[in-house]
Amino acid sequence: DFLCFGDIHEGILIHCCGTVPFIIPCARSGASLYSCAFYPMETAECLLPRTHLHRRCHYCDFAISLVGDDAESHIALQGMRRYVDFLIREIALTPYSSSTGDFEGGDQPPLRTVFFGGGTPSLLPPDLLGSVIEALRERFGIDPDAEISMEMDPGTFDAEKLTQYVDLGVNRVSLGLQSFDADVLKWAGRGHTLEQSREAIAAVRANRGVERWSLDLISGMPGLTKKAWSDSLKEAVDVAPHHISVYDLQIEEETLFGTWYNSLRFGKNGKNTTMVSNLNSHMARPELPSEDESAEMFHMASKTLRDAGYEHYEVSSYAKVGLRCAHNQVYWTGRQGWYGFGMSATSFTAHGKQFARPRKMRDYEAYVEAMAAFIDEPSRARTIKSSFEARADALLERLMLGLRTRNGVDLVHLRQDFGDAVLAEIVSAVRAGWPEELVEMDDYRLTLSDPGGMLVSTQLISTLMARVSSLHTP
Amino acid sequence: DASSARGRASERKKRTRGGSARRRERRQARRKTRIRARMASAAPASRGAARASTAARDAPFAAAANGPGRFRRDGNGRNRLVAVRAPRRWTTRAAATSGDANVVIKPKKERAKVDPSAVLQVPPSQIRNFSIIAHIDHGKSTLADTLLSKTKTVAARDMEAQLLDSMDIERERGITIKLNSARMNYVANDGETYVLNLIDTPGHVDFSYEVSRSLAACEGALLVVDASQGVEAQTVANVYLALENDLEIITVLNKIDLPGAEPERVKREIEDVLGLDTEDAVVASAKANIGMEDILENIVKMIPPPPDTGDEPLRALIFDSYFDPYRGVVVIFRVVDGNLGVGDAVKFMNTGKSYTIDEIGIMRPQKVPVNRLSAGEVGYMIANIKSVADARVGDTITTTKDASTEPLPGYSEATPMVYCGLFPTDSDQYEDLRVALGKLQINDAALRYEPEQSSAMGFGFRCGFLGLLHMEIVQERLEREYDLGLITTAPSVVYKVYTSDGACVDIANPADLPDASVRDRIEEPFVKLEMFAPSDYVGSLMELAQQRRGEFIDMTYLSESRTCLKYDIPLGEVVTDFFDELKSRSKGYASMEYSFNEYRKSDLVRLDVLINYEPADPLACICHRDKSYVMGRGLVDKLKELIPRQMFRIPIQASIGTKVIASTSISAMRKDVLAKCYGGDISRKKKLLKKQAAGKKRMKQFGKVEVPQEAFMAVLKVDQNAGSGG
C-alpha cells in the first residue's frame with residue numbers, strides 16, 4: 001500500500017484542514033466537503049460569500065460556521081484566525097503514540113497525504129493555511145512527495161491566491177463545480193455562477209504547480225434533466241481533469257432539500273405538502289428526478305467517463321489510470337489509519353480506535369484546552385469497545401468501504417485478518433442473498449459490478465450485515 | 001343474644017314483606033313470559049342458544065372496544081401493563097403486575113388475624129347480590145364508583161375516578177375487562193342494615209362465559225342504559241344472559257343530566273326490544289349523583305335475598321380467580337349452599353383438586369379476612385393453588401367431607417375460537433417466548449399454545465384465544481412485559497375438515513389443511529350476528545354483511561330511527577376487519593354482538609401465496625371459493641405494497657392448488673447507494689447501514705426475499721369491498 005509505511009500501526013495520514021469557525025464554509029460542494037478528513041460532518045450551514053446573501057447550499061449538512069457576507073471582513077478574519085490557532089494547538093498536542101498504537105517516537109514516517117476540506121478551505125487566507133502546514137510539518141513531518149490536496153470552490157479564489165496556496169505546498173486541487181448547468185446551480189443554492197466555474201477551471205489548468213486536479217459533479221439534482229446531465233459530463237471530459245467525482249445527490253434531513261423533498265418522497269399521502277409549499281412558496285422548487293432517472297444518470301456517468309478513459313475506481317470516483325486520489329485510498333482500504341484535526345474531524349489510528357472531535361466551535365475549543373491540560377487525549381473522546389465489537393466494527397468497515405471500490409474486498413487479507421470462519425460466512429451469504437449479476441467474486445476478491453452492483457451497494461451491504469453473524473454483536 | 005335477636009328481626013321482616021313479595025313474583029312471572037316469547041322469536045331455543053354462546057364466547061367486542069386498527073400501542077410503557085387475567089385489585093396492584101410463576105408461594109405459617117367486628121354479619125335475608133350490566137360507555141364504572149362512595153365503602157379521600165377500571169389496559173381502551181366485587185353496607189329506609197355485594201362483570205363478550213358465571217352468582221342486576229343512546233347490541237346480549245340466570249332486573253336510565261337525554265324514547269326501546277317493564281325504571285345520573293338512593297332502595301326492595309341454605313352441604317360458585325405472585329391463586333366465589341371457613345378441606349368438583357383453605361375473606365373492595373362465610377355471601381379464598389387453571393371460573397367448591405353430590409350447573413371448559421401463529425422476530429427468543437407463554441397461562445386459563453414450525457418463520461407457537469381482544473391482549477403483554485419482538489400471522493378460526501375416509505379433524509392453521517383430493521367437506525363455524533344502528537346506515541351494513549357471506553335473518557325497527565339487523569354469518573368473516581368496517585360505515589354509531597351458532601358445510605378452499613415462486617405458508621388463508629378471486633387479487637396487491645423492493649424482481653402469486661388465480665410483481669430496486677464515504681463520514685454511514693441491516697434482520701426470509709412483519713397480517717387488510725358483489 002503506497003500510503004503506508006510498514007505495517008498498519010505506522011500508517012499515518014494526515015489531513016488537516018482548516019476551516020473555520022465562523023467561517024467558512026460553504027459547503028457548497030457536497031463533494032469537496034466530505035473529502036476533508038477533518039472537518040466533515042453534519043449540519044452545516046454554508047454561506048455564499050459573494051452573493052451578499054446568507055444562504056446555504058440546499059443539500060449541505062456539514063459542521064461549518066457561516067462566514068458572513070464578506071469573507072475578508074474583520075470579524076470573519078478574526079474568527080478564522082482563532083480557529084486556526086486552536087487547530088495548530090491541537091496538531092502540536094497530538095501524540096504519535098495515541099494515533100499509531102505502540103509507535104514510540106524516533107523515526108516516525110512523515111505524512112504522505114494531507115487533505116484540506118470540509119467547508120470551503122479556499123476562503124482561508126494563505127498565511128493561515130501556511131501556518132497550519134507549518135504546524136503539521138513541525139509535528140509529523142511531511143514527505144517531500146506528499147499529496148497535499150485542497151478543496152476549492154469557484155468564486156472564492158483567483159489565479160493569484162491559487163499560486164500562493166501552491167507555493168505553500170498544495171499540489172492537488174479539488175474543484176467543487178457540481179454542475180455545468182446554470183439553472184441547476186441556482187436551484188441548488190450554489191454561490192457561484194457558471195462563468196466563475198469556467199474561470200476557476202482555467203486558473204487551475206494554467207497553474208503549473210497544480211500537479212493534479214479533480215472536478216466534482218452531482219447527479220440527481222433538482223431540475224437536472226438527462227440532457228443537461230449528458231452535457232455536463234461532456235464538458236467535464238472536455239476540460240480533462242485528472243480525476244472526476246460524481247455524486248448522486250443525497251437528500252439529508254435538516255437541509256433545505258430535506259424539507260422540500262423528503263415529505264414528497266416519503267409522505268405519499270401528501271400530508272406535509274401544504275406546509276412545505278407554504279413555507280417555500282416564494283422559491284422555485286424544481287422537480288427531483290425520479291429514482292429511475294437518477295439511476296439512469298449514474299449509468300450515463302459510468303459509461304461516458306469510462307469511454308473517455310477514466311477508471312471507475314469507487315462508487316463516486318473516476319480517475320485517469322494511476323491518478324486516483326491518494327488520500328481517499330487510505331479510507332477505503334481500511335487497513336491504514338489517519339489523523340484528523342479540526343472541528344468534528346475524525347481520526348482513525350488503529351483497528352477500532354476512532355476519534356471524533358466535537359462539532360461545535362465552543363466544544364471544540366474546550367476539547368483542545370483539555371488536551372493541553374492532560375497532554376494525553378482526553379478520555380471522553382476515546383471510544384472504548386469490547387474486543388468483539390471492535391472486531392465486528394472493523395470487519396463491517398472493511399466490507400463497507402472495500403465494496404465501494406473497484407478493487408473490492410481482498411479476500412486473502414480478509415481471511416488473514418478475520419479468520420476462515422468469517423470468510424466462509426461471507427461467501428455463503430453472498431451466494432445466497434445477492435443476485436449473480438450484481439457481484440463478481442473469485443478466490444481473491446469480492447467486487448460489486450459496475451454500475452449495477454454499485455448502484456445498489458447499500459442494499460447489498462446491509463443484506464450481508466443482516467446475515468453474517470460475525471458482523472453484529474450478539 | 002344478638003343472633004336470636006337478628007333471627008327475630010328477619011322473621012318479622014319476612015312477615016311484613018310477604019305481600020309485596022307475592023306481588024313481585026306475579027309481576028316477574030308475567031314479565032318473564034313476555035320476554036321468553038320474544039327471545040324465542042329472536043333466537044330459537046333461547047336457552048340452548050345462550051348456552052352455546054356461552055361456550056363460544058367469542059370476540060365481537062374484542063373489536064367492540066377497540067378494533068385492531070385503533071389499538072393504541074403505548075410506546076413508552078413497559079409498566080403500562082395489560083392484563084386479561086392479571087389482577088386488578090385495589091390493594092395488590094404492585095404484586096398484581098406480574099404473572100411470574102417463579103415466585104415461590106410461601107406457605108402461611110400464621111393465619112391472617114381476623115377481627116370479628118370488622119365485618120358486619122347479617123342473615124341471608126339482609127344480603128343482596130347484584131351486578132351491573134351495560135353497553136360499553138353507558139356508565140357502568142361510574143355508577144359502581146358512586147355506589148361505593150355513597151355507601152361509604154370507600155372513603156372519599158381514597159376515591160378516584162373509575163375505581164373499577166384502574167387497570168392500564170382498561171384505561172387505555174376505556175373498557176372493563178376484569179371483574180371485581182365489593183361488599184357494601186347500606187342502611188335502608190326501613191332502618192335495617194343490608195349487605196350489598198356488587199359483582200362487577202367484564203364489559204366484553206370475548207369473556208361472556210365469565211360474565212355468565214358472574215351473573216349466576218347474583219340474584220339481581222342493574223341494567224344501565226344511556227338515556228341519550230338507548231339500547232345497544234351489548235345491552236341485549238347481557239340482558240339475555242341475565243334472564244338466563246333468572247335475575248331480577250332493575251332498569252337504570254343513566255346520564256339523565258345530559259342535554260341529549262331522551263328517557264321516554266329509551267324506555268320505549270327497552271320495553272319494545274328487551275320486553276322489560278320500565279314502570280320502576282330509575283332515572284339517574286351516576287356522575288351528577290342523581291337517583292342513587294332510589295337505586296339502592298330498589299336493590300333492597302326488588303332483588304330477592306339469597307335462599308337461606310346455610311345448613312346444606314357446601315357449594316360455592318367460582319366466578320373469578322387470579323394469580324398473585326405472593327399468595328398463589330386467589331379464588332373469588334359466591335357461597336350458594338352451606339358454609340366454609342379457614343382450615344376447611346375443600347374440593348373443586350370439576351377439576352377434582354383438593355385444597356386446605358389458608359385464608360378466607362370478603363372484598364371491600366380490598367381484602368378483609370374473616371373466619372367463615374356462609375350461604376349467600378361473596379368472598380375470596382387463598383389455598384396455595386398454583387395455577388388459575390386449577391380454579392377455573394364456573395367450578396364448584398365443596399367440602400371434602402360431606403361433599404355435595406351435584407355440582408352447580410353451567411361449568412364449561414375454555415374453548416379457543418381464534419388461533420394465530422406467534423413467532424419471535426429474533427429466533428433466539430424462542431425459548432423466552434415459551435417461558436413467557438407458560439407464565440401467562442398460569443393466570444389465563446383460556447390461553448392455549450402449542451409449538452409450531454415453519455421453514456420461513458422458524459420456531460414459534462400456534463396459540464388459541466377466546467377472541468380477537470383476548471389475542472391482542474396476550475400479544476401486548478408478551479411484548480410489553482416480556483420484551484419480546486413478535487410476528488403474528490393472521491387469525492384463523494377452527495374448521496372441521498372431514499376426510500374421504502370419514503374422519504374429522506379440527507384445523508386451526510390453513511397450512512395444515514389436508515389436500516383437496518382427500519377432503520370430503522369442510523365445515524366452518526357460523527355465528528348469530530346482531531347489529532344495532534341508526535336506520536340511515538342499514539343499507540350499507542346489509543351490504544357489508546352480504547359481502548361477508550352473511551345470511552339475512554331478520555330486521556326490526558327499535559324506533560323510527562333505529563334498527564336491529566340479524567344475520568347468520570361465518571365467524572371467519574367476522575374475525576377480520578369486520579368491526580372496523582361496521583364502525584366506519586356507520587360513522588361509529590352501530591354496535592354489534594354475536595354468539596356461536598353452529599358448524600356448517602361451506603365450499604372453502606385454501607388460497608396459497610407464492611413469493612418468488614416459493615410457497616409462503618404463513619400467508620395462506622382459507623376462504624370461500626366464490627370470494628377466492630377477490631381475496632387472491634387483494635392479497636397480492638397488498639403484499640406488493642408491504643414488501644419493500646429488493647435487488648431483483650419478485651413475482652407474487654396467489655393460487656388454489658396449482659392454479660394461479662392472481663399475480664403481480666415487485667420491480668427491482670434501481671438505486672440505493674451512498675454517494676460519499678470519506679474519513680469523517682465513515683462512522684455515520686456505518687450507523688446508517690447498521691440500522692438498515694437491523695430492519696432486514698427483523699424481516700422473515702422466503703427464499704431470497706425478505707418479508708416484513710406487517711405482511712403477515714396482509715390478509716386482514718385486503719380491501720374486500722372491491723368487486724365482491726356479495
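In this predicted model, Cys463(B) is buried, its relative accessible area being 0%. A disulfide is a covalent bond that joins the sulfur atoms of two cysteines. The cysteine sulfur closest to that of Cys463(B) belongs to Cys420(B) and lies 6.0 Å away, which is too far for a bond, because a disulfide is counted when the two sulfur atoms are within 2.5 Å. In keeping with this, a search of the whole structure, taken over all chains, returns zero disulfides. Another cysteine of chain B, Cys504(B), has a relative accessible area of 36% and is therefore classed as partly exposed.

The backbone of chain B was examined next for residues with a positive phi. Asp246(B), which is not a glycine, has a phi near 55°. The residue is placed in the loop that follows helix H8 (233-244) and precedes strand E5 (248-254) of chain B, and with a relative accessibility of 42% Asp246(B) counts as partly exposed. A positive phi, of about 50°, is also found at Lys587(B), although this residue is not a glycine. Lys587(B) belongs to the loop that connects helix H15 (578-585) with strand E27 (591-602) in chain B, and the relative accessible area computed for Lys587(B) is 63%, so that this lysine is exposed.

In chain A, a further backbone feature concerns a proline. The peptide bond that leads from Asp450(A) to Pro451(A) is cis, with an omega near 0°. Pro451(A) is situated in the loop between strand E14 (445-448) and helix H17 (452-455) of chain A.

The surroundings of one methionine of chain A were also considered. Met300(A) forms part of helix H11, which covers residues 291-307 of chain A, and is buried, with a relative accessible area of 17%, because the limit for a buried residue is set at under 20%. When residues up to four places away in sequence are left out of account, Met300(A) touches Lys226(A), Trp229(A), Ser230(A) and Leu233(A). For one of these contacts, that with Ser230(A), the separation along the chain can be set beside the separation in space: Met300(A) and Ser230(A) are 70 residues apart in sequence, whereas their C-alpha atoms are 7.3 Å apart.

Key
Residues are numbered from 1 along each chain as its sequence is written. Chains are lettered from A and ligands numbered from 1 in the order in which they are written. This is a predicted model: local features need pLDDT of at least 70, side-chain atom pairs count only at pLDDT 80 or more; totals for chains, interfaces and linings use all residues. Side-chain values use heavy atoms; hydrogens and water are left out. Buried means under 20% relative accessible area, exposed over 50%, partly exposed in between (1.4 Å probe, protein chains only). Helices (H or I, at least four residues) and strands (E, at least two) are DSSP runs, numbered from the N terminus. Contact means heavy atoms within 4.5 Å.
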